Structure formats: structure tokens, C-alpha cells
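Me: I would like to go through a few local features of this model with you, one question at a time.

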Amino acid sequence: MRIFKNFKEGLTKNVIILGIVSGLTDISSEMLYPVIPIFLTQFLNAPMSVVGLIEGIAESTASILKIWGGYISDKFRKRKFFVVLGYFLSAISKPIMGLAYTWHFVLFARFIDRVGKGIRTSPRDALIAASSDKNHWGKAFGFHRAMDTLGAALGPLVTLSIFLIFSETEETYRMVFILAFIPAIAGVYVLKK
């Protein structure tokens, strides 16, 4: 019992909620990362160069917007608003990819997803720091990273399970995109509570 008490010390309600949300969002995101290139090349007939273009634009968008997201949340002091907005944008991008019939829609959805990541990351980290005693920052950020990593491990397992149950058809790929919306929007719901 004492071990659990020592573990829980310094983990506030906000830190735990943000960890759960991050884990759910990572389940959703990691369900899709392995299938996006296959979906693009096999079903949307996009060349491999387009796969690289989409990921390059997506990741650079997130990196650039992390600075902007932090600046805006500092300026307006509305950190939770930007965190909720960022997770919501990431959530709605999942079904958009599932409905895509050209690679342009996948690019649009990945762009929205990474805009969400860019604008939520810095305000979320500021919320974690503000919700924790300075002496427990390591534990708070470690817990958040552990939940994030747990989600990243579970996401591909969920997708693998889907492909073990259903055949690898275009419809199954589209179903994975739609199902990835569930943990992502559940994370937004948890955050709004």
C-alpha cells in the first residue's frame, strides 16, 4: 500500500487526466501510422513520393506550430482551450482519412491532425507543470510519457487484431480509420469532464 501511496504522491487529477487523454490519442494515432502508407499506395494509387510528402508536411506542421501554440496559450492564458481544441482536431482527422478517395484528402487530414498536435503540446505541458508541485515534475512528466508510450504500444496491436479478424480489403482499411476515431474522441470527452 505504501508503494502505491508514494507512486501517487505528486500525480494530481489534472496530470492523470492528461495522461489518460494522451494514451487514448496515441492508441488512435498509432492504429493508423502503419496503414496510411499502404492505404495511400494500394487503394488511392499514390506514388511513394506522395507518402513522403504527406508525412513531411504533417510533421513539419506539428513542429512549427508547437512554438506558436505555446506563445498563444501564454498570451491568452487559456491553456485548456488550446489543449481541447488540439485533441479535437486530431480526433476529427481520423474519419476524414477513412472517407478519402484521393491522396489530397489524406494530406488534408494529416495536416489537421498535426495542427492539433502543434497547438496542444506546449499548453498541455504547461498544464502538467502548473498542476504539479515542482518537486514532482519528473514524476508528472514521466507518468504522462508512460501513458503516451502505452497508447503507442496498444494502437498497432488493435490494428493487427482487426486485420486478423477481417480480410485485408479496402473496406477494412477504411474501417480502421473510422474505429481510430473512437479512442481519440473518448480522450476529448475525458478532457472536457
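The questions below concern a predicted model, and they take up two residues and one pair of helices.

Me: Is R110 buried or exposed?
Reply: R110 is found in helix α6, which spans residues 103-130. Its relative accessibility is 1%, and because buried means under 20% relative accessible area, R110 counts as buried.

Me: With which residue does the side chain of R110 make a polar contact?
Reply: Not counting residues up to four places away in sequence, R110 touches Y33, I36, I54, E55, A58, E59 and M97. The polar contact in question joins two side chains at 2.8 Å, and the partner of R110 is D113.

Me: How far apart in space are A91 and L65, C-alpha to C-alpha?
Reply: A91 has its place in helix α5 (residues 79-98), and with a relative accessible area of 0% this residue is buried. Leaving aside neighbours within four places in sequence, A91 is in contact with F181, A184, I185 and V188. A91 is separated from L65 by 26 residues in sequence, and in space the C-alpha to C-alpha separation is 17 Å.

Me: Are α2 and α6 roughly parallel or roughly antiparallel to each other?
Reply: Helix α2 (residues 13-32) packs with α6 at an angle of about 160 degrees, their axes being 11 Å apart. Since angles over 145 degrees count as roughly antiparallel, the two helices α2 and α6 are therefore roughly antiparallel.

Me: How many residues of the contact of α2 with α6 are charged?
Reply: The contact is made by V15, L18, T25 and S29 of α2, together with R114, R120, R124, L127 and I128 of α6. These residues divide into 4 nonpolar and 2 polar, while the number charged is 3.

How values were computed
Residues numbered from 1 in each chain as written. Predicted model: local features only at pLDDT ≥ 70, side-chain atom pairs only at ≥ 80, totals over all residues. Heavy atoms only, no water. Helix = DSSP H or I, 4+ residues; strand = E, 2+ residues; numbered from the N terminus. Buried < 20%, exposed > 50% of the residue type's maximum accessible area, 1.4 Å probe, protein only. Polar contact = N/O pair within 3.5 Å; in protein donor to acceptor, adjacent residues only side chain to side chain. Contact = heavy atoms within 4.5 Å. Axes fitted to C-alpha atoms, helices over the stretch in contact; angles between N-to-C directions. Parallel < 35°, antiparallel > 145°, perpendicular 65-115°, else oblique. Nonpolar A, V, L, I, M, F, W, Y, C, P; charged D, E, K, R; others polar.
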